Amino acid sequence: MDEEMFCKYLLSLKKRRYSMLRYYKKRLVAISPILLLIAAAVCALVKDLGFDSACILTLGLCFGMLFRDFFWIRNIKKSWPLRKRITDWKLVDRIAGGQASHK
């Protein structure tokens, strides 16, 4: 994601609230089918080879990644009011409008 797109995303969050649902709609909808297909393929492969514990490990890793994301987003949501207060929104507006950021 380039600077302009990220700034537009920040502006959309400023108008609304930061929520887990918004994050998961944008990110997980694209990622979860791929993640589930890979997990199912790995489970089928290792089950055919007789490694039942590897299938459980693969599923555990997938669910672990989902839980990690859940708690990460929860912490971002908690810190959003502070981030909203300390962000230079004029600069974000300029970058979202296509003007270069000062470096």
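**Group meeting: a five-helix model**

E4 is partly exposed, with a relative accessible area of 31%. I start there because E4 takes part in the salt bridge I will come to shortly, where the side chains of K8 and E4 meet, and it is partly exposed at that 31%. Before going on, note that this is a predicted model.

First, the overall layout. The secondary structure amounts to 5 helices and 0 strands. Reading from the N terminus, the order of elements is α-α-α-α-α. The protein has 103 residues, and 29% of them are buried. Of the contacts with a separation of 6 or more, 68% are between residues 24 or more positions apart. The exposed area is about 7,800 Å², and carbon and sulfur atoms supply 67% of that.

Back to E4. How many salt bridges does the count give? It comes to 1. The partners are K8 and E4, with a nitrogen-to-oxygen distance of 3.4 Å between their side chains. Both residues sit in helix α1, 4 residues apart, which is about one turn of the helix. As a general point, an α-helix has 3.6 residues a turn, so residues three or four places apart point the same way. K8, like its partner, is not buried: its relative accessibility is 45%, so K8 counts as partly exposed.

Next, the core. Which residues make up the largest nonpolar core? There are 11 in all: C7, Y9, L10, L11, L13, W80, W89, L91, V92, I95 and A96. Two elements, α1 and α5, each give two or more residues to this core.

Take α5 on its own, residues 89–96. Its buried residues include W89, L91 and V92, and further along I95 and A96. Viewed down the axis of α5, these buried residues fall within an arc of 155 degrees, so they line one face of the helix. What covers them? The cover includes α1, residues 3–15, and α4, residues 52–86. After α5 comes G98, with a positive phi, near 100 degrees.

Not every residue of α5 is buried. D93 is also found in this helix. Its relative accessible area is 42%, so D93 is partly exposed. Across to the N-terminal part of the chain, D93 and C7 are 7.2 Å apart, C-alpha to C-alpha, with their positions 86 residues apart in sequence. C7, as I said, is one of the core residues.

Now α4, where I have three residues to show. K84 lies in this helix. With a relative accessibility of 31%, K84 counts as partly exposed. Leaving aside residues up to four places away in sequence, K84 touches K14 and W89. W89 belongs to the core and is one of the buried residues of α5. The C-alpha atoms of K84 and L10 are separated by 9.2 Å, while along the chain the two are 74 residues apart. L10 is another of the core residues.

The second is P81, also placed in α4. P81 counts as partly exposed, at 48% relative accessibility. Its C-alpha lies 9.7 Å from that of K14, and the pair is 67 residues apart in sequence. K14 is also a residue that K84 touches.

The third is F71, again in α4. At 39% relative accessibility, F71 counts as partly exposed. F71 is part of a nonpolar surface patch, together with L59, F63, F67 and F70. The area of that patch is about 490 Å².

To recap, there are three things to look at on the screen. One is the core, with α1 and α5 each giving two or more residues. Another is the salt bridge between K8 and E4. The last is the nonpolar patch that includes F71.

Definitions and conventions: Residues are numbered from 1 along each chain as its sequence is written. This is a predicted model: local features need pLDDT of at least 70, side-chain atom pairs count only at pLDDT 80 or more; totals for chains, interfaces and linings use all residues. Side-chain values use heavy atoms; hydrogens and water are left out. Buried means under 20% relative accessible area, exposed over 50%, partly exposed in between (1.4 Å probe, protein chains only). The arc is that of the directions from the helix axis to the C-beta atoms. Contact means heavy atoms within 4.5 Å. Patches are made of residues with over 30% relative accessible area and no salt bridge: like charges are joined within 9 Å, nonpolar side chains (Val, Leu, Ile, Met, Phe, Trp, Tyr) within 5 Å. Accessible areas come from the Shrake-Rupley method with a 1.4 Å probe; for residues, only the protein chains shown count as cover. A salt bridge is a side-chain nitrogen of Lys or Arg within 4 Å of a carboxyl oxygen of Asp or Glu. A nonpolar core is a set of buried Ala, Val, Leu, Ile, Met, Phe, Trp, Tyr and Cys residues joined through side-chain atoms within 4.5 Å.
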